[in-house]
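Me: I am new to this structure and would like a close look at a single part of it. Please start with one pair of facing residues and work outward from there.

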Amino acid sequence: MALLDVKDLSTSFRTEDGIVKAVEGVTFSVEKGQTLGIVGESGSGKSVTCLTIMGLNAKRNTITSGEALWKGDDLVTMKPNDLRQVRGNDISMIFQDPMTSLNPVHTIGRQLTEAVLLHRDVTKKVARARAVELLGAVGIPRAQTRIDDYPHQFSGGMRQRVMIAMALINDPDLLIADEPTTALDVTTQAQILSLMKTLQEDFGSAIIMITHDLGVVAELADDVLVMYAANVVEQATVYDLFNQPQHPYTWGLMGSLPRLEADVERLTQIPGQPPSLLNPPRGCRFHPRCPYVMEVCKTTVPALKPTSRDPAHLEKCHLDEETKEREAAKLLAATMAEAG
Amino acid sequence: MFRYLVRRTLWAILLFIVITFVTFVIFFIGPNNPARAVCGGEQAKRECLVRATAKLGLDQPMPVQYWKFIKQLVIHQDLGESFATSQSVNERIKEAAPVTASLVFGGAILWMIIGLSVGIFSALKPRSLTDRFAMIFVLIGVSAHPVWIGLILEYVFGVRLGWTPIANYANFFGAPSDSGQPGGPWQWFYHLILPWCTFALLFAALYVRMIRANVMETLNEDFVRTARAKGAPERQVLTAHVLRNALLPVVTMLGMDIGISLGGAIFTEYVFQLPGLGQTAIIGINNQDLAIVQGVIVFATVAIIVFNLLVDLLYAWIDPRIRLT
């Protein structure tokens with residue numbers, strides 16, 4: 001049995017302007033110790049998917065359907081008290097902005113031990129020892145003394161390390177990282193990513209890595225979901241995705257990666273803006289921005305279906321296989337050529 | 001920390017000098033003749049006026065009078081004598097300050113109880129029926145004038161229902177036995193119920209609104225989501241993470257409001273005939289009694305300065321991001 005089995009998960013928000021479908025029919029599973037990457041632009045529903053799994057959306061205006069089976073128990077319908085036992089214990093989460101994700105009026109020690117004391121029946125002393133140990137593990141120097149410092153006494157990268165320590169303190173089976181490096185500068189990003197990689201080996205946690213950066217996916221993920229406008233448009237192993245990308249949106253994402261070797265004036269971009277989820281386009285959500293658009297795309301929503309070559313590789317596009325093969329090969333050839 | 005205190009004290013002294021000086025100037029610019037007040041108003045005799053003017057030092061230039069006032073205050077901690085009644089101003093303030101303090105601190109406790117309970121509840125259940133009623137209460141509270149509120153309460157509870165006294169103050173520690181006035185803690189409480197309600201209403205409304213807004217804003221903070229992601233129960237999220245942050249600005253406001261109110265909750269004191277600082281100041285102004293007015297102003301200034309300092313120190317203590325330098 002998979003660790004986490006998400007089936008046909010949908011989330012909508014009631015707003016004053018109408019119902020916003022933020023996630024529609026997402027299905028995936030995460031195996032023990034594996035890393036799943038979820039890629040997409042801002043507003044594509046990747047964060048909301050994970051917040052829904054954690055039950056962290058505001059209850060008042062959220063409509064959720066589908067299942068998220070955690071070791072067989074459905075997190076979507078779980079009672080708040082039971083869900084609380086899972087959160088921070090079995091599944092924990094790291095957020096995008098480490099500058100605002102820690103409580104400014106408590107020492108980090110207090111915030112770390114809080115996580116332990118919520119789920120373990122141990123003394124404060126034991127919890128504190130565990131906190132010091134984890135701070136050391138995430139590479140905070142002089143953890144013994146720094147544990148009594150407040151968040152504002154740490155830099156952004158250090159705060160994200162604290163967040164990671166807090167997430168791992170109860171040895172979770174699954175760690176959800178919501179763009180953990182977006183708010184950090186480039187060198188710090190690299191440090192945090194390699195830290196997460198090492199820690200995954202040490203702790204054996206599965207990871208869901210939400211990102212808009214295909215480079216991060218290539219580095220860390222085993223499987224990848226590509227999301228666009230609340231839908232999964234392509235789903236594959238990281239190897240297949242980079243070797244045989246099937247969806248024009250994925251091609252666009254890959255084309256817009258900066259490459260050192262390529263001697264181009266500008267990065268290629270996907271023209272246009274992501275659609276409004278309040279009033280999404282008919283047919284394929286991507287058709288207004290798609291360079292390969294056909295008549296059928298404007299009227300009929302394509303199904304998320306396996307490719308003929310590989311039943312585990314899913315894509316959601318009307319284009320015929322030949323064209324896809326050709327374009328994927330072209331993209332790959334271009335990448336290879338640049339890489340020399 | 002020490003440097004901070006020294007700097008704050010120096011600023012306080014400067015502020016004190018400016019405020020008392022401005023009071024002096026305003027008093028002398030106006031068409032006042034305190035000597036006339038001493039000698040019984042319009043039909044004062046000429047020789048009485050001359051004598052009073054000399055006695056009060058009114059024949060000397062204004063800066064000289066100010067200098068004498070400051071000297072007496074600093075060296076003897078003496079605010080002088082009332083022009084009108086020759087009573088010591090220190091004595092007068094000593095009588096009036098506990099009345100105002102009772103009103104203000106009792107009122108502050110009342111408005112904080114209302115502000116916290118209603119404000120937090122409204123923030124947790126926005127747009128609920130309770131929240132809407134709370135917002136109507138806020139609208140009434142900030143719109144209605146304390147004098148009107150006081151008179152209505154007085155009429156309903158004092159006159160119609162006869163539940164409460166309609167005016168006057170009872171000393172907490174008991175009135176002098178020969179005065180025939182009520183005294184003791186119960187009478188003190190009984191006489192202050194309506195004034196407290198009247199005085200607290202405006203602030204309760206303002207604080208409900210402020211606390212509601214702050215709590216709602218803090219509930220949306222990322223660190224609150226972090227706390228929930230850790231698996232903290234809602235109660236713990238609220239007490240350990242939301243309230244401490246949401247109430248930081250409330251502490252500042254509370255200190256400032258109490259400081260300002262100690263200068264005299266004039267309207268409430270006036271309606272309920274409480275012999276507090278506000279009423280003392282009004283009587284002083286009517287009698288053209290500079291000594292009394294100046295005394296009240298000195299006391300109020302010191303109260304405001306001290307309370308602001310206390311708030312800043314408290315603030316540095318509860319918010320670790322603030323360092324006093």
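Reply: A:Leu69 stands opposite A:Asp74 in S5(A). Helices and strands here are DSSP runs, helices being H or I over at least four residues and strands E over at least two, numbered from the N terminus. This is a predicted model, in which local features need pLDDT of at least 70, side-chain atom pairs count only at pLDDT 80 or more, and totals for chains, interfaces and linings use all residues. Residues are numbered from 1 along each chain as its sequence is written, while chains are lettered from A and ligands numbered from 1 in the order in which they are written.

Strand S4 (residues 62-70) of chain A pairs with S5(A) in the antiparallel sense, over two bridges; strands pair if DSSP finds at least two bridges between them. Both belong to an open sheet of four strands, ordered S2-S1-S4-S5 in chain A, with antiparallel pairing. At its edges lie strand S2 (18-30) and strand S5 (73-74) of chain A, each of which pairs on one side only.

The edge strand S2(A) also has a part in a contact between domains. Chain A is divided into domain 1 (4-225) and domain 2 (244-339), with bounds from an automatic or database domain assignment. The centres of domain 1 and domain 2 of chain A, taken over C-alpha atoms, are 29 Å apart. Their contact takes 11 residues from domain 1 of chain A and six residues from domain 2 of chain A; two residues are in contact if their C-beta atoms, placed from the backbone, lie within 7 Å. On the side of domain 1 of chain A that touches domain 2 of chain A, the elements giving two or more residues are S2 and helix H8 (214-220) of chain A. S2(A) gives the most to that side, with four residues. By class, the residues of that side of domain 1 of chain A are four nonpolar, four polar and three charged. Ala, Val, Leu, Ile, Met, Phe, Trp, Tyr, Cys and Pro count as nonpolar, Asp, Glu, Lys and Arg as charged, and the others, Gly among them, as polar.

Chain A also meets a second chain: 23 residues of chain A are in contact with 17 residues of chain B. Helix H2 (80-86), strand S6 (91-94) and helix H3 (108-119) of chain A each supply at least two residues of the side of chain A that touches chain B. The largest share of that side, four residues, comes from H3(A). The side of chain A that touches chain B has 10 nonpolar, nine polar and four charged residues.
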